[in-house]
Amino acid sequence: MVFVALGATDEIGASCHFLKINGTGLVLDAGTHPEEEGPASLPHLELLHENPDWHVDHAIVTHAHHDHIGALPVLIQQFPHAHIHMTKATRALADLLLPASARLQRRRLREGSSTARPLFSEKELEVFSYLYLTHELEDEFDVTGLRGRTPIKARLFDAGHVLGAAGVFLRFEEEGEERRIFYSSDTNLRPQSIIPGGAYPEGPIDVLLLESTLGADPEAEQTTRKTEEKKFAEALRRTLERGGAALVPVFALGRGQETLALIDRFKRRGLIPDVPVYTAGSMRAIADLYDKTRFSTPRLNPEFQVFGVPQKRLPRSQNGMRKALAEPSIYVVGSGMMFERTISNELAQMIVEHEKHGIFLVGYAREDAPAGRLLEAAEQGKGTEAVINRARGPQPVHCDVGRFRFSGHSHRRDLIRLVERLRPRKVLLVHGEEKARAWMADNIRFFYPEIEVLMPELGEVVRL
Ligand SMILES: [Zn+2]
Ligand SMILES: [Zn+2]
(Lines give C-alpha, C1' and ligand atoms only; values in the text may rest on other atoms or scores of the structure.)
(Ligands and ions follow the chains in the order given, each with its own letter.)
Protein backbone atom coordinates (compact mmCIF):
# COMPACT_ATOMS: atom_id res chain seq x y z
CA MET A 1 0.00 0.00 0.00
CA VAL A 2 1.27 3.44 -0.94
CA PHE A 3 0.23 6.82 0.52
CA VAL A 4 1.02 10.19 -1.05
CA ALA A 5 -0.14 13.58 0.22
CA LEU A 6 -0.98 15.68 -2.84
CA GLY A 7 -1.60 18.83 -0.80
CA ALA A 8 0.48 20.44 1.93
CA THR A 9 0.19 18.49 5.18
CA ASP A 10 1.87 21.06 7.44
CA GLU A 11 -0.86 23.70 7.20
CA ILE A 12 -4.60 23.96 6.63
CA GLY A 13 -4.22 23.97 2.86
CA ALA A 14 -5.57 21.85 0.06
CA SER A 15 -6.44 18.46 1.59
CA CYS A 16 -5.91 15.70 -0.95
CA HIS A 17 -4.45 12.25 -0.36
CA PHE A 18 -3.72 9.41 -2.74
CA LEU A 19 -3.79 5.75 -1.75
CA LYS A 20 -2.70 2.91 -4.01
CA ILE A 21 -3.98 -0.36 -2.62
CA ASN A 22 -3.31 -3.61 -4.49
CA GLY A 23 -3.84 -2.03 -7.91
CA THR A 24 -6.66 0.34 -6.94
CA GLY A 25 -6.11 4.12 -6.93
CA LEU A 26 -8.10 6.09 -4.36
CA VAL A 27 -8.21 9.81 -3.70
CA LEU A 28 -9.41 11.07 -0.33
CA ASP A 29 -10.63 14.69 -0.58
CA ALA A 30 -9.77 17.22 -3.28
CA GLY A 31 -9.52 20.62 -1.62
CA THR A 32 -8.18 24.04 -2.51
CA HIS A 33 -5.92 26.30 -0.48
CA PRO A 34 -8.12 29.01 1.06
CA GLU A 35 -5.74 31.88 0.35
CA GLU A 36 -4.48 30.95 -3.10
CA GLU A 37 -6.19 31.32 -6.44
CA GLY A 38 -6.27 29.52 -9.76
CA PRO A 39 -3.77 26.69 -10.30
CA ALA A 40 -1.78 27.75 -7.21
CA SER A 41 -4.74 26.82 -5.00
CA LEU A 42 -4.88 23.24 -6.29
CA PRO A 43 -3.39 20.07 -4.83
CA HIS A 44 -0.53 18.60 -6.86
CA LEU A 45 -2.57 16.35 -9.12
CA GLU A 46 0.28 16.40 -11.64
CA LEU A 47 2.09 13.93 -9.38
CA LEU A 48 -0.58 11.40 -10.34
CA HIS A 49 0.04 11.98 -14.06
CA GLU A 50 3.80 11.72 -13.66
CA ASN A 51 3.61 8.18 -12.32
CA PRO A 52 2.24 5.75 -14.95
CA ASP A 53 1.31 3.36 -12.16
CA TRP A 54 -0.96 5.83 -10.42
CA HIS A 55 -4.51 6.43 -11.55
CA VAL A 56 -7.74 7.42 -9.84
CA ASP A 57 -10.49 4.80 -9.73
CA HIS A 58 -12.49 6.31 -6.88
CA ALA A 59 -12.48 9.58 -4.95
CA ILE A 60 -14.19 10.06 -1.59
CA VAL A 61 -14.97 13.60 -0.44
CA THR A 62 -15.38 13.90 3.33
CA HIS A 63 -17.17 17.25 3.58
CA ALA A 64 -18.02 20.47 1.78
CA HIS A 65 -15.38 22.83 3.23
CA HIS A 66 -13.35 24.22 0.35
CA ASP A 67 -10.08 22.87 1.73
CA HIS A 68 -11.58 19.39 1.15
CA ILE A 69 -13.86 19.78 -1.88
CA GLY A 70 -12.78 22.93 -3.76
CA ALA A 71 -10.65 21.05 -6.31
CA LEU A 72 -13.12 18.23 -6.95
CA PRO A 73 -14.24 19.67 -10.33
CA VAL A 74 -10.60 19.83 -11.45
CA LEU A 75 -10.03 16.24 -10.32
CA ILE A 76 -13.03 15.19 -12.44
CA GLN A 77 -11.74 17.20 -15.43
CA GLN A 78 -8.46 15.31 -15.19
CA PHE A 79 -9.84 11.88 -14.24
CA PRO A 80 -13.32 11.82 -15.81
CA HIS A 81 -13.74 8.09 -15.28
CA ALA A 82 -13.29 8.27 -11.49
CA HIS A 83 -16.26 7.42 -9.29
CA ILE A 84 -17.00 10.16 -6.76
CA HIS A 85 -18.45 9.33 -3.34
CA MET A 86 -19.88 11.47 -0.54
CA THR A 87 -22.81 11.75 1.86
CA LYS A 88 -26.16 13.12 0.63
CA ALA A 89 -25.84 16.28 2.69
CA THR A 90 -22.34 16.95 1.32
CA ARG A 91 -23.69 16.57 -2.19
CA ALA A 92 -26.45 19.11 -1.48
CA LEU A 93 -23.85 21.50 -0.06
CA ALA A 94 -21.51 20.88 -3.03
CA ASP A 95 -24.31 21.78 -5.45
CA LEU A 96 -24.64 25.07 -3.61
CA LEU A 97 -21.03 25.96 -2.78
CA LEU A 98 -19.11 24.89 -5.89
CA PRO A 99 -21.23 27.02 -8.29
CA ALA A 100 -20.84 29.91 -5.82
CA SER A 101 -17.07 29.39 -6.03
CA ALA A 102 -17.23 29.36 -9.87
CA ARG A 103 -19.17 32.66 -9.82
CA LEU A 104 -16.70 34.22 -7.38
CA GLN A 105 -13.71 33.19 -9.53
CA ARG A 106 -15.38 34.70 -12.60
CA ARG A 107 -16.28 37.91 -10.77
CA ARG A 108 -12.77 38.41 -9.44
CA LEU A 109 -11.27 38.05 -12.90
CA ARG A 110 -13.84 40.45 -14.35
CA GLU A 111 -13.29 43.02 -11.61
CA GLY A 112 -9.53 42.72 -11.98
CA SER A 113 -8.96 41.67 -8.34
CA SER A 114 -7.48 38.42 -9.65
CA THR A 115 -5.61 37.37 -12.77
CA ALA A 116 -6.42 33.67 -12.34
CA ARG A 117 -8.75 32.15 -14.91
CA PRO A 118 -11.69 30.33 -13.31
CA LEU A 119 -10.86 26.66 -12.75
CA PHE A 120 -14.34 25.46 -13.70
CA SER A 121 -17.69 26.79 -14.88
CA GLU A 122 -21.20 26.49 -13.51
CA LYS A 123 -22.17 24.58 -16.65
CA GLU A 124 -19.52 21.91 -16.03
CA LEU A 125 -20.62 21.61 -12.41
CA GLU A 126 -24.16 20.87 -13.44
CA VAL A 127 -22.92 17.84 -15.39
CA PHE A 128 -20.44 16.75 -12.70
CA SER A 129 -23.16 16.75 -10.07
CA TYR A 130 -24.74 13.73 -11.78
CA LEU A 131 -21.55 11.78 -11.14
CA TYR A 132 -21.65 12.10 -7.38
CA LEU A 133 -22.61 8.82 -5.72
CA THR A 134 -24.12 9.30 -2.29
CA HIS A 135 -24.11 6.91 0.65
CA GLU A 136 -25.84 6.62 3.99
CA LEU A 137 -23.60 6.77 7.04
CA GLU A 138 -22.05 3.38 7.89
CA ASP A 139 -23.43 1.62 4.78
CA GLU A 140 -20.70 -0.35 3.04
CA PHE A 141 -19.89 0.33 -0.63
CA ASP A 142 -17.32 -0.96 -3.09
CA VAL A 143 -14.33 1.12 -4.19
CA THR A 144 -12.32 -1.53 -6.02
CA GLY A 145 -10.58 -0.25 -9.15
CA LEU A 146 -10.63 -1.90 -12.60
CA ARG A 147 -7.13 -3.26 -12.03
CA GLY A 148 -7.70 -3.93 -8.34
CA ARG A 149 -6.36 -7.29 -7.22
CA THR A 150 -8.43 -7.40 -4.01
CA PRO A 151 -11.87 -5.98 -3.26
CA ILE A 152 -11.85 -2.77 -1.23
CA LYS A 153 -14.86 -1.80 0.85
CA ALA A 154 -15.59 1.67 2.21
CA ARG A 155 -17.88 3.07 4.91
CA LEU A 156 -18.55 6.67 5.90
CA PHE A 157 -18.74 7.50 9.61
CA ASP A 158 -20.32 10.66 11.02
CA ALA A 159 -17.44 13.07 11.77
CA GLY A 160 -19.30 15.70 13.87
CA HIS A 161 -17.61 18.86 12.52
CA VAL A 162 -20.23 20.22 10.02
CA LEU A 163 -23.35 19.08 8.20
CA GLY A 164 -22.58 16.05 6.01
CA ALA A 165 -19.03 15.56 7.33
CA ALA A 166 -17.75 11.99 7.41
CA GLY A 167 -14.63 10.01 8.19
CA VAL A 168 -13.69 7.21 5.79
CA PHE A 169 -13.18 3.59 6.84
CA LEU A 170 -11.58 1.22 4.32
CA ARG A 171 -11.07 -2.51 4.57
CA PHE A 172 -9.44 -4.99 2.21
CA GLU A 173 -7.40 -8.17 2.26
CA GLU A 174 -3.66 -8.30 1.87
CA GLU A 175 -1.67 -11.52 2.05
CA GLY A 176 -4.66 -13.30 3.56
CA GLU A 177 -5.16 -10.75 6.32
CA GLU A 178 -7.79 -8.06 6.66
CA ARG A 179 -6.36 -4.53 6.67
CA ARG A 180 -8.25 -1.53 7.97
CA ILE A 181 -7.65 2.17 7.39
CA PHE A 182 -9.49 5.11 8.90
CA TYR A 183 -9.23 8.69 7.64
CA SER A 184 -10.57 11.03 10.33
CA SER A 185 -10.71 14.09 8.05
CA ASP A 186 -11.84 17.09 10.13
CA THR A 187 -13.47 15.60 13.16
CA ASN A 188 -15.14 16.53 16.42
CA LEU A 189 -15.74 14.00 19.15
CA ARG A 190 -17.95 16.38 21.12
CA PRO A 191 -21.38 17.89 20.46
CA GLN A 192 -21.60 21.50 19.25
CA SER A 193 -24.84 23.53 19.36
CA ILE A 194 -26.58 21.83 16.42
CA ILE A 195 -24.42 18.86 15.44
CA PRO A 196 -23.60 15.98 17.82
CA GLY A 197 -20.13 14.51 18.25
CA GLY A 198 -18.78 12.05 15.68
CA ALA A 199 -19.10 8.25 15.51
CA TYR A 200 -16.10 6.02 14.85
CA PRO A 201 -15.38 2.46 13.81
CA GLU A 202 -14.15 -0.10 16.31
CA GLY A 203 -10.41 -0.72 16.64
CA PRO A 204 -7.92 -2.13 16.17
CA ILE A 205 -7.02 -0.75 12.76
CA ASP A 206 -3.82 -0.73 10.73
CA VAL A 207 -3.49 2.88 9.64
CA LEU A 208 -5.05 6.06 11.02
CA LEU A 209 -4.87 9.18 8.88
CA LEU A 210 -5.46 11.86 11.50
CA GLU A 211 -6.09 15.62 11.38
CA SER A 212 -4.10 17.80 13.80
CA THR A 213 -5.62 21.29 13.47
CA LEU A 214 -5.67 22.10 17.20
CA GLY A 215 -2.47 20.22 18.10
CA ALA A 216 -0.74 23.43 19.15
CA ASP A 217 -3.64 24.92 21.12
CA PRO A 218 -3.22 24.05 24.82
CA GLU A 219 -6.08 26.35 25.85
CA ALA A 220 -8.68 24.55 23.75
CA GLU A 221 -8.45 21.47 25.95
CA GLN A 222 -8.66 23.52 29.18
CA THR A 223 -11.95 25.20 28.34
CA THR A 224 -15.41 23.73 28.55
CA ARG A 225 -18.22 24.57 26.23
CA LYS A 226 -20.30 25.87 29.10
CA THR A 227 -17.75 28.40 30.34
CA GLU A 228 -16.97 29.52 26.79
CA GLU A 229 -20.68 30.07 26.13
CA LYS A 230 -20.97 32.14 29.30
CA LYS A 231 -17.93 34.26 28.43
CA PHE A 232 -19.15 34.76 24.86
CA ALA A 233 -22.62 35.87 26.02
CA GLU A 234 -21.07 38.32 28.50
CA ALA A 235 -18.75 39.81 25.88
CA LEU A 236 -21.67 40.29 23.47
CA ARG A 237 -23.83 41.83 26.18
CA ARG A 238 -21.15 44.34 27.25
CA THR A 239 -20.61 45.50 23.66
CA LEU A 240 -24.31 45.75 22.81
CA GLU A 241 -25.25 47.53 26.05
CA ARG A 242 -22.76 50.30 25.41
CA GLY A 243 -24.32 50.78 21.95
CA GLY A 244 -21.61 48.95 20.05
CA ALA A 245 -21.66 46.48 17.19
CA ALA A 246 -20.29 42.95 17.56
CA LEU A 247 -18.55 41.28 14.64
CA VAL A 248 -18.38 37.48 14.81
CA PRO A 249 -16.30 36.22 11.86
CA VAL A 250 -17.28 32.67 10.95
CA PHE A 251 -16.73 29.97 8.37
CA ALA A 252 -19.89 30.13 6.26
CA LEU A 253 -20.43 26.37 6.54
CA GLY A 254 -20.66 25.09 10.09
CA ARG A 255 -19.44 27.77 12.46
CA GLY A 256 -21.98 30.22 10.98
CA GLN A 257 -25.00 28.03 11.75
CA GLU A 258 -23.67 26.91 15.14
CA THR A 259 -23.08 30.56 16.13
CA LEU A 260 -26.59 31.61 15.08
CA ALA A 261 -28.03 28.78 17.17
CA LEU A 262 -26.02 30.01 20.15
CA ILE A 263 -27.01 33.67 19.74
CA ASP A 264 -30.64 32.61 19.45
CA ARG A 265 -30.35 30.72 22.74
CA PHE A 266 -28.69 33.75 24.42
CA LYS A 267 -31.55 35.99 23.29
CA ARG A 268 -34.27 33.59 24.41
CA ARG A 269 -32.65 33.31 27.84
CA GLY A 270 -32.34 37.09 28.09
CA LEU A 271 -28.53 36.92 28.33
CA ILE A 272 -28.12 39.49 25.55
CA PRO A 273 -30.45 42.25 24.31
CA ASP A 274 -32.68 41.53 21.31
CA VAL A 275 -30.70 43.41 18.63
CA PRO A 276 -30.65 42.75 14.86
CA VAL A 277 -28.40 39.90 13.70
CA TYR A 278 -26.96 40.36 10.21
CA THR A 279 -25.86 37.49 7.97
CA ALA A 280 -24.74 37.46 4.34
CA GLY A 281 -23.92 35.44 1.27
CA SER A 282 -24.18 31.67 1.12
CA MET A 283 -24.74 31.39 4.90
CA ARG A 284 -28.47 31.83 4.45
CA ALA A 285 -28.75 29.12 1.81
CA ILE A 286 -26.60 26.80 3.95
CA ALA A 287 -28.90 27.43 6.93
CA ASP A 288 -31.78 26.35 4.72
CA LEU A 289 -29.96 23.07 3.93
CA TYR A 290 -29.27 22.49 7.62
CA ASP A 291 -33.02 22.76 8.18
CA LYS A 292 -34.06 20.57 5.26
CA THR A 293 -31.80 17.76 6.46
CA ARG A 294 -32.61 18.03 10.14
CA PHE A 295 -34.50 14.73 10.31
CA SER A 296 -32.15 12.79 8.04
CA THR A 297 -28.72 13.77 9.48
CA PRO A 298 -27.38 13.58 13.06
CA ARG A 299 -28.78 16.41 15.23
CA LEU A 300 -28.90 17.26 18.91
CA ASN A 301 -32.41 18.65 18.49
CA PRO A 302 -34.09 17.97 15.12
CA GLU A 303 -36.84 20.46 15.98
CA PHE A 304 -34.41 23.39 15.95
CA GLN A 305 -34.34 25.40 12.70
CA VAL A 306 -31.41 27.73 11.94
CA PHE A 307 -33.38 29.71 9.42
CA GLY A 308 -35.97 30.32 12.12
CA VAL A 309 -33.42 32.48 13.95
CA PRO A 310 -34.40 36.08 13.06
CA GLN A 311 -31.68 37.55 10.85
CA LYS A 312 -31.29 40.44 8.43
CA ARG A 313 -29.43 40.56 5.16
CA LEU A 314 -26.32 42.72 5.51
CA PRO A 315 -26.39 45.77 3.18
CA ARG A 316 -23.50 45.54 0.70
CA SER A 317 -22.86 49.30 0.31
CA GLN A 318 -20.37 51.04 2.62
CA ASN A 319 -23.10 53.51 3.47
CA GLY A 320 -25.58 50.80 4.35
CA MET A 321 -23.00 49.05 6.53
CA ARG A 322 -22.16 52.27 8.32
CA LYS A 323 -25.83 52.86 9.05
CA ALA A 324 -26.21 49.34 10.45
CA LEU A 325 -23.10 49.73 12.61
CA ALA A 326 -24.50 52.89 14.20
CA GLU A 327 -27.00 50.76 16.15
CA PRO A 328 -26.27 47.92 18.58
CA SER A 329 -26.12 44.89 16.28
CA ILE A 330 -24.43 41.54 15.65
CA TYR A 331 -22.71 40.46 12.41
CA VAL A 332 -22.25 36.74 11.80
CA VAL A 333 -20.33 36.82 8.51
CA GLY A 334 -17.48 35.10 6.67
CA SER A 335 -14.67 34.52 6.56
CA GLY A 336 -13.68 33.06 9.90
CA MET A 337 -10.03 34.09 9.64
CA MET A 338 -11.00 37.49 8.20
CA PHE A 339 -9.19 36.92 4.93
CA GLU A 340 -8.94 39.97 2.68
CA ARG A 341 -11.77 40.60 0.21
CA THR A 342 -14.34 39.08 2.57
CA ILE A 343 -17.15 40.81 4.45
CA SER A 344 -15.65 40.14 7.87
CA ASN A 345 -12.41 41.82 6.73
CA GLU A 346 -14.33 44.83 5.41
CA LEU A 347 -16.36 45.17 8.61
CA ALA A 348 -13.31 44.65 10.83
CA GLN A 349 -11.59 47.61 9.16
CA MET A 350 -14.61 49.79 10.01
CA ILE A 351 -14.92 48.49 13.58
CA VAL A 352 -11.42 47.99 14.90
CA GLU A 353 -10.55 51.61 15.80
CA HIS A 354 -13.70 52.22 17.86
CA GLU A 355 -13.76 51.45 21.55
CA LYS A 356 -17.48 50.73 21.75
CA HIS A 357 -17.41 47.89 19.19
CA GLY A 358 -16.21 44.31 19.57
CA ILE A 359 -14.73 41.56 17.39
CA PHE A 360 -15.23 38.04 18.72
CA LEU A 361 -13.55 35.04 17.18
CA VAL A 362 -15.27 31.68 17.56
CA GLY A 363 -13.25 29.33 15.36
CA TYR A 364 -9.74 28.39 14.42
CA ALA A 365 -7.50 31.38 13.52
CA ARG A 366 -4.06 30.90 12.07
CA GLU A 367 -1.44 33.30 13.44
CA ASP A 368 -0.59 34.85 10.08
CA ALA A 369 -4.21 35.39 8.99
CA PRO A 370 -5.77 38.85 9.64
CA ALA A 371 -7.77 37.39 12.57
CA GLY A 372 -4.57 35.99 14.09
CA ARG A 373 -2.78 39.34 13.70
CA LEU A 374 -5.71 41.13 15.35
CA LEU A 375 -5.59 38.75 18.33
CA GLU A 376 -1.88 39.23 18.76
CA ALA A 377 -2.18 43.04 18.69
CA ALA A 378 -5.10 42.96 21.16
CA GLU A 379 -3.06 40.87 23.59
CA GLN A 380 -0.37 43.55 23.61
CA GLY A 381 -2.85 46.18 24.81
CA LYS A 382 -5.26 48.80 23.49
CA GLY A 383 -3.98 50.95 20.69
CA THR A 384 -1.49 48.39 19.37
CA GLU A 385 -1.53 48.40 15.59
CA ALA A 386 -2.58 45.46 13.45
CA VAL A 387 -2.74 44.99 9.70
CA ILE A 388 -6.26 43.84 8.89
CA ASN A 389 -5.93 44.75 5.23
CA ARG A 390 -2.58 45.14 3.52
CA ALA A 391 -3.75 47.86 1.11
CA ARG A 392 -5.06 49.91 4.03
CA GLY A 393 -2.02 49.39 6.26
CA PRO A 394 -1.78 49.18 10.09
CA GLN A 395 -4.75 50.29 12.21
CA PRO A 396 -4.76 50.84 16.00
CA VAL A 397 -6.91 48.24 17.77
CA HIS A 398 -9.26 49.97 20.22
CA CYS A 399 -12.31 47.69 20.04
CA ASP A 400 -12.88 44.73 22.35
CA VAL A 401 -11.28 41.58 20.98
CA GLY A 402 -12.20 38.15 22.33
CA ARG A 403 -11.52 34.58 21.40
CA PHE A 404 -13.91 31.79 22.33
CA ARG A 405 -13.30 28.16 21.68
CA PHE A 406 -16.19 26.74 19.74
CA SER A 407 -14.11 25.07 17.06
CA GLY A 408 -15.63 22.38 14.88
CA HIS A 409 -12.41 20.45 15.44
CA SER A 410 -11.55 18.19 18.33
CA HIS A 411 -8.99 19.53 20.75
CA ARG A 412 -5.74 17.62 20.89
CA ARG A 413 -6.44 15.49 23.98
CA ASP A 414 -9.59 14.21 22.29
CA LEU A 415 -7.56 13.35 19.19
CA ILE A 416 -5.24 11.32 21.40
CA ARG A 417 -8.33 9.61 22.83
CA LEU A 418 -9.36 8.72 19.30
CA VAL A 419 -5.95 7.11 18.77
CA GLU A 420 -6.47 5.12 21.96
CA ARG A 421 -9.88 3.99 20.79
CA LEU A 422 -8.86 2.96 17.28
CA ARG A 423 -5.55 1.36 18.35
CA PRO A 424 -3.80 1.79 14.98
CA ARG A 425 -0.41 0.29 14.17
CA LYS A 426 0.54 3.47 12.35
CA VAL A 427 -0.65 7.08 12.52
CA LEU A 428 -0.12 9.51 9.67
CA LEU A 429 -0.53 13.09 10.85
CA VAL A 430 -1.94 15.57 8.36
CA HIS A 431 -3.97 18.83 8.32
CA GLY A 432 -2.03 20.78 10.94
CA GLU A 433 0.73 23.34 11.26
CA GLU A 434 4.22 22.05 12.02
CA LYS A 435 4.07 22.59 15.78
CA ALA A 436 0.58 21.10 15.96
CA ARG A 437 1.75 17.91 14.26
CA ALA A 438 4.88 17.86 16.41
CA TRP A 439 2.86 17.97 19.67
CA MET A 440 0.58 15.22 18.41
CA ALA A 441 3.52 13.06 17.36
CA ASP A 442 5.35 13.53 20.69
CA ASN A 443 2.27 12.65 22.71
CA ILE A 444 1.23 9.64 20.67
CA ARG A 445 4.80 8.32 20.88
CA PHE A 446 4.89 8.96 24.63
CA PHE A 447 1.57 7.30 25.49
CA TYR A 448 1.65 4.55 22.85
CA PRO A 449 5.28 3.77 22.04
CA GLU A 450 4.20 0.74 20.02
CA ILE A 451 2.50 3.00 17.45
CA GLU A 452 4.58 4.24 14.56
CA VAL A 453 3.92 7.95 13.91
CA LEU A 454 4.62 9.49 10.53
CA MET A 455 4.40 13.08 9.35
CA PRO A 456 4.28 12.76 5.58
CA GLU A 457 5.44 15.71 3.48
CA LEU A 458 3.79 16.88 0.28
CA GLY A 459 4.59 14.44 -2.52
CA GLU A 460 6.50 12.03 -0.28
CA VAL A 461 5.79 8.40 -1.19
CA VAL A 462 5.01 6.53 2.03
CA ARG A 463 4.93 2.72 1.85
CA LEU A 464 2.67 1.26 4.49
ZN1 LIG B 1 -13.59 21.18 7.64
ZN1 LIG C 1 -10.19 21.05 6.84
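## Overall build and a closer look at helix H7

For a protein of 464 residues, a compact globule would have a radius of gyration near 23 Å, and the value here is 22 Å, so the two agree. Please keep in mind as you look around that this is a predicted model. Along the principal axes, the C-alpha atoms fill a box of roughly 70 × 50 × 45 Å. The protein holds 14 helices and 22 strands, and 50% of its 464 residues count as buried. Among contacts with a separation of 6 or more, 73% join residues 24 or more positions apart.

### Two domains

The chain is divided into domain 1, made of residues 2-217 + 408-463, and domain 2, residues 224-403. Their centres, taken over C-alpha atoms, are separated by 28 Å. Where the domains touch, 26 residues of domain 1 are in contact with 22 residues of domain 2. On the domain 1 side, helix H4 (residues 88-111) gives the largest share, with 6 residues. By character, the residues on that side of domain 1 divide into 15 nonpolar, 9 polar and 2 charged.

### Helix H7

Now for helix H7, which covers residues 225-241. At 1.5 Å a residue, its 17 residues should span 24 Å, and the end C-alpha atoms are indeed 24 Å apart, so expectation and model agree.

Which residues of H7 are buried? They are Phe232, Leu236, Thr239 and Leu240. Seen down the axis of H7, these buried residues fall within an arc of 95 degrees, so they line one face of the helix. A rule of helix geometry helps here: an α-helix has 3.6 residues a turn, so residues three or four places apart point the same way. On the other side of H7, Lys226, Thr227 and Glu241 are exposed.

What covers the buried residues of H7? The elements in the table below are among those that do so.

| Element covering H7 | Residues |
|---|---|
| Strand S12 | 245-249 |
| Helix H8 | 255-268 |
| Strand S15 | 329-333 |
| Strand S16 | 358-361 |
| Strand S19 | 400-403 |

After the helix comes a detail of the backbone. H7 is followed by glycine 243, whose phi is positive, near 85 degrees.

To bring the H7 picture together: Phe232, Leu236, Thr239 and Leu240 are buried, with cover that includes strand S12 and helix H8, while Lys226, Thr227 and Glu241 are exposed on the other side.

Notes
Residues numbered from 1 in each chain as written. Chains lettered and ligands numbered in written order. Predicted model: local features only at pLDDT ≥ 70, side-chain atom pairs only at ≥ 80, totals over all residues. Helix = DSSP H or I, 4+ residues; strand = E, 2+ residues; numbered from the N terminus. Rg over C-alpha atoms; globule rule 2.2 N^0.38 Å. Buried ≥ 20, exposed ≤ 12 C-beta atoms within 10 Å, placed from the backbone. Contact = placed C-beta atoms within 7 Å. Domains from an automatic or database assignment. Nonpolar A, V, L, I, M, F, W, Y, C, P; charged D, E, K, R; others polar. Expected span 1.5 Å × (residues − 1). Arc of directions from axis to C-beta.
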